[in-house]
Structures are given as structure tokens and as C-alpha cells.
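Student: Got a minute to go through a model with me? I'd like to poke around the packing and the odd backbone spots.

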Amino acid sequence: MPTVSLAAVPIRRLTLRDLTACADLSENRGWPREEHKWGFLLTAGTAYGIDDPEGGLVSACVVTAYGPRERPVLGAVGMVLVAERHARQGVGRRMMRHVLAEMGTTPLTLHATPNGRPLYEELGFKTTGRAEMVVGRLTPDVTVDTAATRAATAEDLPAILRLDEEVFGADRTPIVTRLPAFADQLRVAEDGGRITGYAAAWPNMNTHVVGPLIARDTATAKALMTSLAAGTDRPLRTDIDVRHEELLSWVKEHGMASVAFNSVMTHGITGLPGDWSRRFAPVTVAAG
């Protein structure tokens, strides 16, 4: 049988039927399978893939668009993967050029590992920030008052959506409305009956990932993280904007450790919209 050129294999849309193939691709590159996260991203965003003629996927990525469906104001690119045996052959570059063409003039953002950053720079992405991944069991801090936090209810959703759009700078309804089913915990912080922050903890392998984490100040962020830690026996993991130095110092003092840094990059925009001072951590680095 003649060998099929990968350049001739079309890039297609992926669906939930491709979840196992996506998880297999993650595992092939030494990442966790993360089937729960893949399911979330495949339904909330638009996924692209290149089929391997020998079975499975050569490459995959997901774009989560925010704002009006017909004219998104921001797209988050994530889970850009190429199978090990096809690495360093231009497949990732082809996939990213396809994403850029599909998104047109829509500004894009992504979290880049040190290995991926050169490709994104070549394609016109600029580094506009950094995020630090921390992992560990958050030990109690008696100085943190969690009394103003509670489990979110269905009645809180409109207020959460308003706060999220104000802080993130774009409407994330398709993501936020999926959080009650995706996350094991969804909590809000209140002051005088007004929601001043919210956070979720969703299962990922042997950890609970804290994301999103939106709060009016560091004290509120600490209260939300403390309340989430109290509701799980797993270690926590989250990616904190490095500008939030006080929160990063606090989590490290209370049992969490730094494991990686990612560059926050943008394309077609000089910086992310919204209010970074209240945006402490993304839902996931794959979706912003």
C-alpha cells in the first residue's frame, strides 16, 4: 500500500466521539489522559484534528470562543498536541495556521510551555503575561475567614455570569453554565448579599483543579481556595497569574509547591481584556 502523505489528510472537526482518541494522544505525549477535561472542552469549544491513516489522531487542538457566537471577541487555544512519531515535521505549525485562518480577525490567547513558545512566536503571538502552576495539599490557615463563602446555587448563576463577564472581559456563558456539572465544587463569596467572587474545583486525575478563581481581592481568593480545600481529600492544582504575588506566596507557605511556568501569549491584541486584578486563575489553561 502506498504511504499517505500527512499533508493530504484534511483537518476536521472533532466531536465527543473522538474523546478516547484525544486522550490516547495526550498519553502518547506523556500527558495525563484527562478524559474529563477533554469531554468538557470538546463540548464547550471547537476542536480540530488530523486523522492518522494507521489509526488514532496525528494532531489535535481546541479553540474556545468567547463573546457573541457570530462575532467572538476572544478565542482561547489549547491542547495543541502532535503524536510523538510525527513531531518536528511541521504538523503543529499546519494546525495552528488552520486555527488562525478559521478565527480570522478574532484575537487569540494561549498558555505556552517553553517548548511550544518558539512556534507561537513564529506565528505572531506575543508574550503578555505568565502563569505559575502550583500543586499540593493546602493546609488550614486560621487567619483566613471562610464564613462569607458558601456553595453556589442555581439562583446564583445570573450573578456569577455578570461578575465573570465583567472580570474576564468577554461573555463566557457556554463555559460558566457547564461548571455545575463539570466541577465537584462551585462556591461563591458574598458581602452584603452581593457575590464578590466565585471558584470551582474540578477533578483531574488525582487532583482537584481550582479554576476559575475570580475574587474582588486576595483575601477573598484565599477564602475561596480554603473553602474548596476543605471539601476535598485530594491535592489542589491551579495556575495563578504571577502578578498575584501575595496569593502565590500564601499558597506556597501553606503546602503547595511550584511545578511549572507557562507564558500567556496573545495574537491580534496587546493584552487580555477584563480586570486582571480580580482574575486569579483560569478555568483551565486550555480555555482561558
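Tutor: Sure. Keep in mind that this is a predicted model. Let's begin with Leu179: leaving out residues up to four places away in sequence, Leu179 touches Leu186, Tyr198, Ala200, Pro212 and Val283.

Student: And which residues touch the most other members of the largest nonpolar core?

Tutor: Trp38, Leu179 and Tyr198 do, in a core of 40 residues. Helix 2, residues 35-44, supplies the largest share of this core, with 5 residues.

Student: Pro212 was in that contact list. What joins Gly211 and Pro212?

Tutor: A cis peptide bond, with omega at about 0°. Pro212 sits in strand 10. As a rule, most peptide bonds are trans.

Student: OK, other backbone oddities. Which residue has phi near 50°?

Tutor: That's Glu34, and the value is positive in a residue other than glycine. Glu34 belongs to the loop between helix 1 (19-28) and helix 2.

Student: Is Glu34 buried or exposed?

Tutor: Buried: the relative accessible area of Glu34 is 5%, and the cut-off for buried is under 20%.

Student: And which one has a positive phi of about 55°?

Tutor: Met205, which isn't a glycine either. Met205 is in the loop between strand 9 and strand 10. For background, most residues other than glycine have a negative phi.

Student: Let's switch to strands. How many residues of strand 11 are buried?

Tutor: 6 of the 6, so strand 11 (residues 236-241) is largely enclosed by the rest of the structure.

Student: Which residues are on each side of strand 11?

Tutor: Leu236, Thr238 and Ile240 are on one side, with Arg237, Asp239 and Asp241 on the other. Both faces are covered, and those residues are all buried.

Student: Does strand 6 pair with strand 11 in the parallel or antiparallel sense?

Tutor: Antiparallel, over 6 bridges, with strand 6 covering residues 126-136. One pair to look at is Ala131, whose bridge partner in strand 11 is Asp241.

Student: What about strand 10 and strand 11, parallel or antiparallel?

Tutor: Those two run parallel, and 2 bridges join strand 10 (residues 207-215) to strand 11. Val209 stands opposite Arg237 in strand 11. Between the strands the chain goes from strand 10 through helix 8 to strand 11, a β-α-β crossover that is right-handed.

Student: Let's stay on helix 8 then. What does Thr220 touch?

Tutor: Thr220 lies in helix 8. Not counting residues up to four places away in sequence, Thr220 touches Ala189, Thr196 and Ala215. Thr220 counts as buried, at 9% relative accessibility.

Student: And Ser227, buried or exposed?

Tutor: Buried, with a relative accessible area of 8%. Ser227 is in helix 8 too, which spans residues 218-230.

Student: Which side chain makes a polar contact with the side chain of Ser227?

Tutor: Arg187, at 3.0 Å. Beyond the residues up to four places away, Ser227 touches Thr146, Thr149, Gln185 and Arg187.

Student: New topic: aromatics. How many aromatic pairs are there?

Tutor: The structure holds 4. One of them is Tyr120 with Phe125, an edge-to-face pair at 5.9 Å centre to centre and 70° between the planes. Both Tyr120 and Phe125 are buried. Another aromatic pair, Phe182 with Trp202, is tilted, at 4.9 Å centre to centre with 35° between the planes.

Student: Where in the chain are Phe182 and Trp202?

Tutor: Phe182 is in helix 7 (residues 179-182) and Trp202 in strand 9 (residues 194-204), so that pair links distant parts of the chain, 20 residues apart. Phe182 and Trp202 are both buried. Phe40 joins them in one aromatic cluster: Phe40, Phe182 and Trp202.

Student: Last one, Arg279. Where is that?

Tutor: In strand 13, residues 279-281. Arg279 is buried, at a relative accessible area of 12%.

Student: And what is Arg279 in contact with?

Tutor: Apart from neighbours within four places in sequence, Arg279 contacts Val167, Phe168, Leu213, Asp241, His244, Leu272, Pro273 and Gly274. The C-alpha atoms of Arg279 and Glu166 are separated by 10 Å, though these residues are 113 residues apart along the chain.

How values were computed: Residues numbered from 1 in each chain as written. Predicted model: local features only at pLDDT ≥ 70, side-chain atom pairs only at ≥ 80, totals over all residues. Heavy atoms only, no water. Core = buried A, V, L, I, M, F, W, Y, C linked by side-chain atoms within 4.5 Å. Buried < 20%, exposed > 50% of the residue type's maximum accessible area, 1.4 Å probe, protein only. Helix = DSSP H or I, 4+ residues; strand = E, 2+ residues; numbered from the N terminus. Contact = heavy atoms within 4.5 Å. Polar contact = N/O pair within 3.5 Å; in protein donor to acceptor, adjacent residues only side chain to side chain. Pairing = 2+ DSSP bridges. Right-handed = clockwise from strand over helix to strand, strands pointing away. Phe/Tyr/Trp six-rings, centres within 6.5 Å; stacked < 30°, edge-to-face > 60°.
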